[in-house]
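Colleague: I should like to learn how to read the features of a structural model, term by term. May we begin?

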Amino acid sequence: EESSLDGEPSSNVVESKDAFVSPGFKLDLSRINRKDIKALADLSDQNSDPSASFEITDSGTYRQGVFRLNKHGIRVETKQDSRSGGSSTKRTSIKSDDLVLLRVLGRGSCAVVYKCYNKASTQFVALKLINIFEQEKRRQLAKELKTLTSVTKNEFLIDFYGAYFEEGSISLVLE
């Protein structure tokens, strides 16, 4: 008889009590041993998406990968080539106090976009507001931030003026 992961003897048939599985569903574990389960666990760890993980510090800074955002703007820590041996930092400083919300431009699956007036630059901008508490939205956010912060002027992309974190949302300020 196989032993369970905690070393106790186990039955080869497990009955599910999960609400998402049909009542009475039974799973035969007679062909699965601890090594197979360990291999599956190792595989799932390798496939986890680091772009979806984040941290909010005590000071209110949102950290995801190389991105650090707070109410004062965004900082991107990038690695320079190995010969220089250091890292560089890109910063943009824009905050919600700089913006006057005018109206909603649109809503998508990941964000709401507002038309705003930037008092500091005296221009109209789009403010894309993304809630960070959903994993899929964080993945999308990581891709957008990577693209927007790594590209200099490009006629095929909108201009990125900055971003900030406030009250559980990331705000991207765009052309």
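Modeller: The discussion below goes from the overall fold to the sheet and then to the aromatic rings. This is a predicted model, in which local features need pLDDT of at least 70, side-chain atom pairs count only at pLDDT 80 or more, and totals for chains, interfaces and linings use all residues. Residues are numbered from 1 along each chain as its sequence is written, and side-chain values use heavy atoms, with hydrogens and water left out.

Colleague: How many helices and strands does the protein chain have, and what pattern do they follow?

Modeller: Helices (H or I, at least four residues) and strands (E, at least two) are DSSP runs, numbered from the N terminus. Here the protein chain has two helices and twelve strands, in the sequence pattern β-β-α-β-β-β-β-β-β-β-β-α-β-β.

Colleague: What is the strand order in the open sheet of five strands?

Modeller: Strands of a sheet pair through backbone hydrogen bonds, either parallel or antiparallel. For counting purposes, two strands pair if DSSP finds at least two bridges between them. In this model the open sheet has the order 8-9-10-12-11, with antiparallel pairing. Strand 8 (99–107) and strand 11 (160–166) are its edge strands, each pairing on one side only. From one strand to the next, the twist averages 25°, with axes taken as lines fitted to C-alpha atoms (for helices over the stretch in contact) and angles running from 0 to 180 degrees between N-to-C directions. Strand 8 pairs with strand 9 (residues 112–118) over seven bridges; Leu-99 has Asn-118 in strand 9 as its bridge partner.

Colleague: Which strands does helix 2 lie across?

Modeller: Contact means heavy atoms within 4.5 Å. Helix 2 (residues 135–150) lies across strand 10 (123–131), strand 11 and strand 12 (169–174), at about 30° to strand 12.

Colleague: How many aromatic pairs does a search of the whole structure find?

Modeller: Rings of Phe, Tyr and Trp (its six-membered ring) pair if their centres lie within 6.5 Å; planes under 30 degrees apart count as stacked, over 60 as edge-to-face and the rest as tilted. The search finds four such pairs. One of them, Phe-54 with Tyr-62, is stacked, at 5.5 Å centre to centre and 25° between the planes. Phe-54, Tyr-62, Phe-133 and Phe-165 form one aromatic cluster.

Colleague: Is Tyr-62 buried or exposed?

Modeller: Buried means under 20% relative accessible area, exposed over 50%, and partly exposed in between (1.4 Å probe, protein chains only). Tyr-62 is buried, at 0%, whereas Phe-54 is partly exposed, at 29%.
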